[in-house]
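Please look through the sequence and the model below before reading on. The paragraphs that follow lead from single residues to the strands, the cores and the salt bridges.

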Amino acid sequence: MTTSIDALNHEQYMERALTLAREAGDRGDEPFGSLLVHAEDGEILMEERNAVNTADDIRRHPELTLAQRAAHEFDAATRHETVLYTSTEPCAMCTGGIYIAELGGVVYSVSAERAGELTGGDFVVPSATLFERGRRDVPVRGPVLGEAGEQVHRDCWPY
């Protein structure tokens, strides 16, 4: 079962993910924000901001937190009908969580490679590459509002 990821207004949801990322950066966390959308009706089911610094927990990436919450709060059929909108393409840890939680798809603003360039990061693996190794299809779309997403990083990182 796959979700109808392309039936959604990606820009609308990405604007919210970028707002969440800015809010995370403003409070002292790295600028990452995500939301989980039910693809069938467009309802925003939950949102998260990066909280690695403020929670003093390296696992508090918004994508991983949403995957974990969704795994606990929704049945498999509902999770398959969700799309994770995220300000930056998920890292390998978050991609694994998304896959294990069986979310229906991912839409990002800034690619993993571009984020690495903007932040000086050197451990960059595109999520689509990791998803391709799995047994089920997880569609990935992006970049969406790429320039706006890059600006969020430029405003936060010293590079």
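A residue is called buried when its relative accessible area is under 20%, exposed when that area is over 50%, and partly exposed in between. The model is a predicted one. By that cut-off Glu150, at 15% relative accessibility, counts as buried, while Arg114, at 27%, counts as partly exposed.

These two residues form a salt bridge, with their closest N and O atoms 3.2 Å apart. Glu150 belongs to helix 7 (residues 146-156) and Arg114 to helix 5 (residues 112-119), so the pair ties together parts that are 36 residues apart in sequence. The pair is also part of a network of salt bridges that links Arg114, Glu117, Glu147, Glu150 and Arg154. Within this network, the side chains of Glu147 and Arg154 meet at 3.0 Å, N to O. Glu147 is exposed at 52% relative accessibility, and Arg154 is partly exposed at 36%.

Another salt bridge joins the side chains of Glu48 and Arg69, at 2.8 Å from N to O. Since Glu48 is in strand 2 and Arg69 in helix 2, this contact ties together parts 21 residues apart in sequence. Glu48 is buried, with a relative accessible area of 14%, and Arg69 is partly exposed at 24%.

Strand 2 leads to its partner, strand 1. The two pair in the antiparallel sense over five bridges, and Gly33 stands opposite Arg49 in strand 2. They form a hairpin with five residues between them, and Gly42 in the turn has a positive phi of about 80°. Strand 1 is also joined to strand 3 by five bridges, again antiparallel; there, Leu35 has Tyr85 as its bridge partner.

In a regular strand the side chains alternate between the two faces of the sheet. From strand 1, Gly33, Leu35 and Val37 point one way and Ser34, Leu36 and His38 the other, and all are buried.

The largest nonpolar core has 16 residues, of which Leu8, Met14, Leu35, Val83, Tyr85 and Val107 touch the most other members. Helix 1, strand 1 and strand 3 each give two or more residues to this core, and helix 1 gives the most, with six. The contacts of Met14 include Tyr85, Val107 and Leu145. A second, separate core of 15 residues includes Leu36, Met46, Ala70 and Ala101.

Ala70 lies among the buried residues of helix 2, which also include Pro62, Leu64 and Leu66. Their cover includes strand 1, strand 2, helix 3, strand 3 and helix 4.

Definitions and conventions. Residues are numbered from 1 along each chain as its sequence is written. This is a predicted model: local features need pLDDT of at least 70, side-chain atom pairs count only at pLDDT 80 or more; totals for chains, interfaces and linings use all residues. Side-chain values use heavy atoms; hydrogens and water are left out. Buried means under 20% relative accessible area, exposed over 50%, partly exposed in between (1.4 Å probe, protein chains only). Helices (H or I, at least four residues) and strands (E, at least two) are DSSP runs, numbered from the N terminus. Contact means heavy atoms within 4.5 Å. A nonpolar core is a set of buried Ala, Val, Leu, Ile, Met, Phe, Trp, Tyr and Cys residues joined through side-chain atoms within 4.5 Å. Two strands pair if DSSP finds at least two bridges between them. A salt bridge is a side-chain nitrogen of Lys or Arg within 4 Å of a carboxyl oxygen of Asp or Glu. Lists of a residue's contacts leave out its neighbours within four places in sequence.
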